[in-house]
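Here is a short briefing to read alongside the structure. Have the viewer open and follow the topics one by one.

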Amino acid sequence: MPATPSPRPRDPHRPPHPYADAPYTHSRAGAPSPASPARPTYPWQPPVPPAPPPHRAPRHAPLGHHSDLRRLRRAYRWQRRTATLTALGYFVLFLTLSASAPSFMTGTVTGVPAGLLLAVGQVPVTWLAVALYETTACRRVDPLAALIRRQAVVDARREAAR
């Protein structure tokens, strides 16, 4: 009878074989042998993170709906367009009259050239545009922004209470 070879001693400078600590599984049994140790196969790998908790639907719908933000954007857009078109419209009118109607611009109104009156009139029109911007902000944009801000605070409190 031939002698069984004795296992070679493990070299301390070589890493262990990757399957050296794996539990022995019989091909027919499908389960690890009770004689094999229950150690992790790859101990240098981090542990598996726990499964995330199941997602809960919020008890209350968030207060800041998209329709509120759309209304705010629409009001702000209207505000910008109105103020910008007021100031730029007058300026474009002044430039157009200067280029296309020089006889009108050089004509006098109570001894002052009409072009000079229209140029000086640009300052009050700009003030009017600024006043229009402020008025529409106070009437339309600021109340919507304050409403959305209050709703965001309530939503944040609800989230913090969870």
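In this predicted model, helix α4 counts 40 residues and spans 56 Å between its first and last C-alpha, close to the 58 Å expected at 1.5 Å a residue. Along the way α4 has a kink of about 50°, with A137 at its centre. A137 is also one of the buried residues of α4. The points below start with this helix and then move outward to its partner, the loop and the chain as a whole.

**Helix α4 and what covers it**

- The buried residues of α4 are Q122, V125, A129, T136, A137, V141, L144, A145, I148, Q151 and D155.
- Helix α1 and helix α3 (114-120) are among the elements that cover these buried residues of α4.
- Q122 belongs to α4, and its relative accessible area of 16% falls under the 20% limit, so Q122 counts as buried.
- Leaving out residues up to four places away in sequence, Q122 touches A87, Y90 and F91.
- Two of those partners, A87 and Y90, appear in turn among the buried residues of α1.

**Helix α1 and its packing**

- Helix α1 has 35 residues, and from its first C-alpha to its last it reaches 48 Å, close to the 51 Å expected at 1.5 Å a residue.
- Its buried residues are D68, L72, A75, Q79, A83, A87, Y90 and F94.
- Which helices do the buried residues of α1 pack against? They pack against α2, α3 and α4.

**How α1 and α4 meet**

- The axes of α1 (residues 66-100) and α4 (residues 122-161) come within 9 Å of each other and cross at roughly 175°.
- An angle over 145° counts as roughly antiparallel, so α1 is described that way relative to α4.
- Sorted by class, the residues in the contact of α1 with α4 are 19 nonpolar, six polar and four charged.
- T86 gives a local view of this pairing from its place in helix α1.
- With a relative accessible area of 22%, T86 is partly exposed.
- T86 lies 40 residues from T126 in sequence, yet their C-alpha atoms are 7.9 Å apart in space.
- Beyond its neighbours within four places in sequence, T86 is in contact with V125, L128, A129 and L132.
- V125 and A129, two of these contacts, are listed among the buried residues of α4.

**F104 in helix α2**

- F104 is found in helix α2 (residues 102-106).
- Is F104 buried or partly exposed? F104 is partly exposed, and its relative accessible area is 45%.
- Setting aside neighbours within four places in sequence, F104 is in contact with L97, A114 and L118.
- For one of these partners, A114, the separation from F104 is 10 residues in sequence and 6.9 Å in space, C-alpha to C-alpha.

**The loop around T110**

- T110 sits in the loop between β1 (108-109) and β2 (112-113).
- Most residues other than glycine have a negative phi.
- T110 is a residue other than glycine with a positive value, its phi being near 50°.
- At a relative accessible area of 78%, T110 is exposed.

**The chain as a whole**

- The protein chain contains four helices and two strands.
- Read from the N terminus, the elements come in the order α-α-β-β-α-α.
- Of the 162 residues in the protein chain, 15% are buried.
- Taking contacts between residues at least 6 apart in sequence, 63% join residues at least 24 apart.

Note on methods
Residues are numbered from 1 along each chain as its sequence is written. This is a predicted model: local features need pLDDT of at least 70, side-chain atom pairs count only at pLDDT 80 or more; totals for chains, interfaces and linings use all residues. Side-chain values use heavy atoms; hydrogens and water are left out. Axes are lines fitted to C-alpha atoms, for helices over the stretch in contact, and angles run from 0 to 180 degrees between N-to-C directions. Angles under 35 degrees count as roughly parallel, over 145 as roughly antiparallel, 65 to 115 as roughly perpendicular and the rest as oblique. Ala, Val, Leu, Ile, Met, Phe, Trp, Tyr, Cys and Pro count as nonpolar, Asp, Glu, Lys and Arg as charged, and the others, Gly among them, as polar. Buried means under 20% relative accessible area, exposed over 50%, partly exposed in between (1.4 Å probe, protein chains only). Contact means heavy atoms within 4.5 Å. The expected span of a helix is 1.5 Å times one less than its number of residues. The bend at a residue is the angle between axes fitted to the seven residues ending there and the seven starting there.
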